[in-house]
Amino acid sequence: MDLDVFVAAHQAQWARLETLSRQRRLTGEEVDELVLLYQRVTGHLARVQATAPDPALVGRLTTLVARARTAVTGSRAAGWRDAARYFTVSFPAALYRSRRWWLPVAVISLLVSALIAWWVATHPEVRDSLATPTELREMTRPGGAYEAYYSDRPASSFAAQVWTNNAWIAAECLVFGVFLGLPVLWVLFGNVLNLGVGIGLMASAGRLDLFLGLLLPHGLLELTAVFVAAGMGLRLGWTVIDPGPRTRSVALAEQGRAIIGMAIGLAVMLFVSGLLEAFVTPSGLPTWARIGIGVTAEVLFLLYALLLGRRAAATGETGDVESADRDDLQPVAG
């Protein structure tokens, strides 16, 4: 394609579209003209990208199409309606549609943690390789490191610290997925290892019941959020390998937008688990009451993800942004 001839042939249409896009009030005929020119220039942009991707022209047409699209569809400000839709439709749909990733991740991770805990609890030589006998006693004794961890700092600052740490772990799982998911496995194994070692050491000291009473109130929801993040990260990594019928760039864009949306919901989940860890876990409530609160939070989340998410997914919701906020895609010649 001769780029100079192409520009000369369509320059007038582009100028007219820019003029109409900037007008605040349009007549009926001008609206029809705006829509028609918007469609034509979108086609021009696709043709340039496919046959003669000049950076300057592509940038110019992209800006023009974006401005015209806003004029055609109308600008939309995010508000409470968008937030409500996210938490009642988009986030649960994304959770449900990715369940085949994070549910197996959760099951396998818990089984590996249980195996590590059994290994640590039943093999003294393993415990001796982790720390000296004095250090182990200091960690597992009444009032020791494992027990005091939940009550040696003010609850509000502890909640903020826990939320920040867990949100960072979840973010690592989400972002690192693009590297074929391999770093996600490393981050996930670090959490699984810490959990298994802690359970094993406390079990070897005969204080497993106390440790589970401290862990379960917040740990169920907290670990689930990490498993969801890891599952989504692995799904993103698999999209790099196998994008399916879509092009790899389109598949990654769709999956990436869904993951960014998931990050918001996971941050809320981890905020709730942080509050539980700071205010419920070290509280004076009976152990059964503290564990009951944690189990209730976990059951509510599973109902939210699997029941509400199933209903949202049945309507075609994918967890991606609304169609009005996506880039326009048009078939191009190969």
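The exercises below, each with a worked solution, concern a predicted model.

**Exercise 1. Find out which parts of the chain are joined by the salt bridge between Arg-16 and Glu-33, and decide whether Arg-16 is buried, partly exposed or exposed.**

Begin with the contact itself, in which the side chains of Arg-16 and Glu-33 meet at 3.0 Å, taken from N to O. The pair links distant parts of the chain, since Arg-16 belongs to helix H1 (residues 3-22) and Glu-33 to helix H2 (residues 28-51), 17 residues apart. Next, turn to accessibility: Arg-16 has a relative accessible area of 30%, and partly exposed residues fall between the 20% and 50% limits, so Arg-16 is partly exposed. Glu-33, at 29%, also counts as partly exposed.

**Exercise 2. Locate the partners of the salt bridge formed by Arg-67, and name the network that Glu-18 and Arg-67 belong to.**

Arg-67 forms its salt bridge with Glu-18, and the closest N and O atoms are 3.9 Å apart. Here Arg-67 sits in helix H3 (residues 55-73) and Glu-18 in helix H1, with their positions 49 residues apart in the chain. Both partners are partly exposed, Arg-67 with a relative accessible area of 26% and Glu-18 with 32%.

As a further step, consider Arg-85 and Glu-317, whose side chains meet in a salt bridge of 2.8 Å, N to O. Because Arg-85 lies in helix H4 (residues 80-97) and Glu-317 in the segment after helix H13 (287-314), this pair ties together parts that are 232 residues apart in sequence. Arg-85 is partly exposed at 23%, whereas Glu-317, at 10%, is buried. To complete the exercise, salt bridges that share partners join Glu-18, Arg-22 and Arg-67 into one network. In total, the structure holds five salt bridges.

**Exercise 3. Determine which helix gives the most residues to the nonpolar patch, and describe the place of Phe-271.**

The patch covers about 580 Å² of the surface and is made by Phe-87, Ile-264, Val-268, Phe-271, Val-272, Leu-275 and Phe-279. Helix H12 (residues 248-280) gives the most to this patch, with six residues. Phe-271 is placed in helix H12, and with a relative accessible area of 44% Phe-271 is partly exposed.

**Exercise 4. State whether Asp-209 is buried or exposed, and how far its C-alpha atom is from that of Thr-287.**

Asp-209 is found in helix H11 (residues 208-241). Its relative accessible area is 60%, and the limit for exposed is over 50%, so Asp-209 is exposed. Although Asp-209 and Thr-287 are 78 residues apart along the chain, their C-alpha atoms are separated by 9.4 Å.

Methods
Residues are numbered from 1 along each chain as its sequence is written. This is a predicted model: local features need pLDDT of at least 70, side-chain atom pairs count only at pLDDT 80 or more; totals for chains, interfaces and linings use all residues. Side-chain values use heavy atoms; hydrogens and water are left out. Helices (H or I, at least four residues) and strands (E, at least two) are DSSP runs, numbered from the N terminus. Buried means under 20% relative accessible area, exposed over 50%, partly exposed in between (1.4 Å probe, protein chains only). Patches are made of residues with over 30% relative accessible area and no salt bridge: like charges are joined within 9 Å, nonpolar side chains (Val, Leu, Ile, Met, Phe, Trp, Tyr) within 5 Å. Accessible areas come from the Shrake-Rupley method with a 1.4 Å probe; for residues, only the protein chains shown count as cover. A salt bridge is a side-chain nitrogen of Lys or Arg within 4 Å of a carboxyl oxygen of Asp or Glu.
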